[in-house]
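Work through the exercises below with the sequence and the 3D structure side by side, and try each task before reading its solution.

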Amino acid sequence: MFPAGDPRFRVNMLRLPSGLSVRVIECGDPAAPPVLLFPGWACSVYVFRIILPALAEMGYRAVSVDLKGHGLSDKPLGWREYYRDSLTNHVLEIFDGLALEKPVIGGHSLGAVMSLLVAAERPESVRGLLLYSPVGYRGVPGLMLCRALTPGFMKWMLPYVAFRWMAAITLRLTYGTVGKPVARDFDEYWAPTQFPAFSVAMRDLLHHFDFGKRDPIRLGDIRHPALVMFGTRDRLMNARVTAADAAEIQEGVVRQIPGAGHVICEETPDVVLSATDSFLKLLV
């Protein structure tokens, strides 16, 4: 599993006050200005494999973390672990445990939403926000269908039916028209299913996290400088609505990527990095 054998990345396990351990991956000068990114639902730090070393080359300390239930971090069982409040407390533990000096924080998909929740709790400790394909702040299209297809009686069967072809189909559906996943991508997204608790945890997160349907997050309430980027072919969000929401951010920069789907950090990394570089320079 990524980043095995790649000397550009430093890997360690961070022990949290909750007793859980999470995998932290970083690259760049430890004394450089920090940028912390959270992966989304069912994603590991692999989603930032291109972004992290590029940020390091730009002069930043680039850090990412597998959230609980994901990647090689601990995978506690029990649906209460994956409520919004529980996951927010978990991410706050990570943020505090890393003790980064006023970082720019952000993430992809659900990870972007988690960074919003951290910024709301630690407003003076965050310099700015990087919101890549932020999904789950005001509902997710098709969420009820996904929940209907994974009823409670199937919960403990999921580890035995999490086949590679399922990961391949799911990943293909998240892409737009400007890029295609390759076999290595299928392997990496499928790899965490070797741990039975992963599939159970992902199902619990899917069913019990409030993705903004009951308690939506208003992007207009954001007071930090923020870069919001998303693809026009993202099936998990409404591009028009997201653009209108993001335009309400007082110090917001909105970038739509024509033809890109949901995983913009993989599909169009050059576009993402160019916009990110320009935005980070504004914060200096």
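**Exercise 1.** Which residues line the largest cavity?

*Solution.* Keep in mind throughout that this is a predicted model. Begin with the search of the whole structure, which finds one cavity of 30 Å³ or more. Next take the space inside, which comes to about 50 Å³ in the largest cavity. Then go around the wall, where the lining residues are A42, C43, S44, Y46, V47, E188, Y189 and P192. Finally, sort this lining by class, which gives six nonpolar, one polar and one charged residues. Because Glu counts as charged, E188 of the lining belongs to the charged class.

**Exercise 2.** Find which residues make the nonpolar surface patch of about 490 Å², and decide whether F163 is buried, partly exposed or exposed.

*Solution.* The patch is made by F163, W165, M166, I169 and L173. To place F163, look at the loop between helix 5 (158-161) and helix 6 (164-174). The relative accessible area of F163 is 38%, and since partly exposed covers the range between under 20% and over 50%, F163 counts as partly exposed.

**Exercise 3.** Locate E121, classify its exposure, and state how far E121 is from N89 in sequence and in space.

*Solution.* First, E121 is found in helix 3, which spans residues 110-121. Second, its relative accessibility is 48%, and therefore E121 is classed as partly exposed. Third, 32 residues separate E121 and N89 along the sequence, while in space their C-alpha atoms are 9.8 Å apart.

Key
Residues numbered from 1 in each chain as written. Predicted model: local features only at pLDDT ≥ 70, side-chain atom pairs only at ≥ 80, totals over all residues. Heavy atoms only, no water. Helix = DSSP H or I, 4+ residues; strand = E, 2+ residues; numbered from the N terminus. Buried < 20%, exposed > 50% of the residue type's maximum accessible area, 1.4 Å probe, protein only. Patch = residues over 30% accessible without salt bridge, like charges linked within 9 Å, V, L, I, M, F, W, Y side chains within 5 Å. Areas by Shrake-Rupley, 256 points an atom, 1.4 Å probe, with all protein chains shown as cover. Salt bridge = Lys/Arg side-chain N within 4 Å of Asp/Glu carboxyl O. 1 Å grid on protein atoms, 1.4 Å probe; cavity = no way out; pocket = protein on both sides within 12 Å on 5 of 7 lines; lining within 4 Å. Points joined across faces, edges and corners; volume = space filled by probe spheres on them.
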